[in-house]
Every structure is written in C-alpha cells, then in structure tokens.
Amino acid sequence: MAETGAELEGTVPLVRLDRFRNAVFAIPEGGDCLVRLEFSADSQRRRIVRGELETDVELECQRCMSGMTAHVSSAFELGLVTSDDKARQLPSELEPFVVEGEALDLWTMVEDELLLALPAYPLHEREDCPATADLEALEADPAASPEPDPEDKRENPFKVLEGLKKTRH
Ligand SMILES: [Zn+2]
C-alpha cells in the first residue's frame, strides 16, 4: 500500500488490462495508459486517492461500426473503504473504492476508472465517418428507409418458388 502523501506516476500497458481490452474495439500496438495517482488522508483519517488517467484506444463508431481512435481520459477522487457500510459514510464528492484490508489493487482501480471513462455511444466526427454519405442521403430524402419493408421480404421466397414451378412445367 502506497504511503499517505505519496505520488505515483507511470504507465500501464493496455495489453495487461484484460477487461478494458475486451471492452474496446482494439488497443493500439504497444499502447499505454498514463497514470498519475496521489495518496492522502482526510481529517477523518480516511485514505483518499486522487488520480488522472489518459490513453488512446480504438472504439467502434456506432454509426458505421468501424474503428475510430479515441482519446480517453479520467480524473477521479476515491475514498478507500473496507466495507459497503463505510462507503455509504463517505462524503458525496468521493467515489468509494472497496479494498480488502490494507491491500490496494492499483491495477483494478485503474482499469475500473478507465472502463467508467469510456463513452457509451462513440461516434466519428461527422466528416470523418464513412456512413455520413448514407446518412445525408437519408436526411435529404425523408421517404427513403434503410429497412426494406418486412412484408416484401416475407413474400420473396414464395415468389421464387412460384417462378420455379412455372419453369418446370
Ligand atoms: Zn463512423
């Protein structure tokens, strides 16, 4: 456990953060997360961790479903607690982080915060998105629909069968 008053600055290789790696489209080759942590205690002798994280990852654009580079950053202030009860006693500006005894799993902390920092609905900038042309075509013609009429779709196989019957007789 880092001492109160300690500061820690370093990089964490993204490839070692399995949960994070699985949550994103791709991680850049050799990608690192820049981590800055500061450990302190408040007047109630609660252990506090202030941190900043920064990294670049590939996320899946929710418009075109292809990869896009995104800068992910997070600044947080955690109160280290040993139980849910203690977590409820924390002042509201502190986010609880539950630790078992003295041990603080910095990797898990960094990974949790990175996951929280991911945008829920990543999108390319409009001008960078390969789907923009389609989108603009749709917007220009409000009658156009990207979904074929489901009624038409259901009829198709029968039409094909009818066609086959006719050619066989
Ligand atoms: Zn896109």
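**Exercise 1. The spacing of the zinc donors**

Work out how the donor residues of the zinc ion are spaced in sequence, and which atoms do the binding.

*Solution.* Start with the sequence: the donor residues follow the pattern C-x2-C-x59-H-x4-C. Keep in mind that this is a predicted model. Next, put names to the letters. The protein donors are Cys61 through SG, Cys64 through SG, His124 through ND1 and Cys129 through SG, and they sit 2.0 to 2.4 Å from the zinc ion.

Now ask where two of these residues belong in the fold. Cys64 is in the loop between S3 and S4, while Cys129 is in the loop between H3 and helix H4 (132–140), so this pair ties together parts that are 65 residues apart in sequence.

**Exercise 2. Geometry at the zinc ion**

Decide what arrangement the four donor atoms make around the zinc ion.

*Solution.* First, get the angles: the four donor atoms subtend 103 to 117° at the zinc ion. Then apply the cut-off, by which four donors count as tetrahedral if all angles lie between 85 and 135 degrees. The angles of 103 to 117° therefore make this arrangement tetrahedral. For reference, the ideal angle for four tetrahedral donors is 109.5 degrees.

**Exercise 3. A closer look at His124**

Is His124 buried or exposed, and what does it touch?

*Solution.* Locate the residue: His124 is in the loop between H3 and H4. Then check its accessibility. Buried means under 20% relative accessible area, and His124 has 13%, so it is buried. Cys129, another of the zinc donors, counts as buried too, because its relative accessibility is 6%.

Next come the neighbours. Skipping residues up to four places away in sequence, His124 touches Cys61, Arg63, Cys64, Ser66, Gly67, Met68, Cys129 and Pro130. With Gly67 there's a specific polar pairing: the His124 side chain reaches the backbone oxygen of Gly67 at 3.4 Å.

**Exercise 4. Taking apart the nonpolar cores**

Find which residues touch the most other members of the largest nonpolar core, and which elements supply it.

*Solution.* The largest nonpolar core has 29 residues, and Phe20, Val49, Leu104, Met109 and Leu114 touch the most other members. Now sort by element: strand S2 (32–41), strand S3 (47–60), strand S4 (67–81) and helix H3 (106–117) each give at least two residues to this core. S4 provides the largest share, six residues. Finally, look elsewhere in the chain. Another core lies apart from this one; it has five residues, including Ile48, Val81, Ala87 and Leu94.

**Exercise 5. Following the salt bridges**

How many salt bridges does the whole structure have, and where does Glu9 fit in?

*Solution.* The search turns up eleven salt bridges. One of them pairs the side chains of Glu9 and Arg36, 3.7 Å from N to O. That's a link between distant parts of the chain, with Glu9 in strand S1 (residues 7–13) and Arg36 in strand S2, 27 residues apart. Glu9 counts as exposed because its relative accessibility is 60%, whereas Arg36, at 28%, counts as partly exposed.

Next, try Arg126. Arg126 bridges to Glu139, with the closest N and O atoms 3.0 Å apart. Here too distant parts are linked: Arg126 is in the loop between H3 and H4, Glu139 is in helix H4, and 13 residues separate them. Arg126 is partly exposed, given its relative accessible area of 34%. Going back to Glu9, salt bridges with shared partners join Glu9, Arg36, Glu52 and Glu54 into one network.

For a local case, take Arg88 and Asp85, whose closest N and O atoms are 2.9 Å apart. Both residues lie in helix H2 (residues 84–88), three residues apart, or about one turn of the helix. Arg88 has a relative accessible area of 64%, so it is exposed.

**Exercise 6. The whole chain, then Val98**

In what order do the elements of the protein chain run, and where is Val98 found?

*Solution.* Count the elements: five helices and five strands. From the N terminus they run β-α-β-β-β-α-β-α-α-α. Of the 169 residues, 27% count as buried.

Now zoom in. Val98 is found in strand S5 (residues 95–98), and at 45% relative accessibility it counts as partly exposed. Leaving out neighbours within four places in sequence, Val98 is in contact with Val81, Thr82, Ser83 and Asp84.

Technical notes
Residues numbered from 1 in each chain as written. Predicted model: local features only at pLDDT ≥ 70, side-chain atom pairs only at ≥ 80, totals over all residues. Heavy atoms only, no water. Core = buried A, V, L, I, M, F, W, Y, C linked by side-chain atoms within 4.5 Å. Buried < 20%, exposed > 50% of the residue type's maximum accessible area, 1.4 Å probe, protein only. Helix = DSSP H or I, 4+ residues; strand = E, 2+ residues; numbered from the N terminus. Donors = N, O, S within 2.8 Å, 3.2 Å for Na, K, Ca; no water. Tetrahedral: all angles 85-135°; square planar, octahedral: opposite > 155°, others 65-115°. Polar contact = N/O pair within 3.5 Å; in protein donor to acceptor, adjacent residues only side chain to side chain. Contact = heavy atoms within 4.5 Å. Salt bridge = Lys/Arg side-chain N within 4 Å of Asp/Glu carboxyl O.
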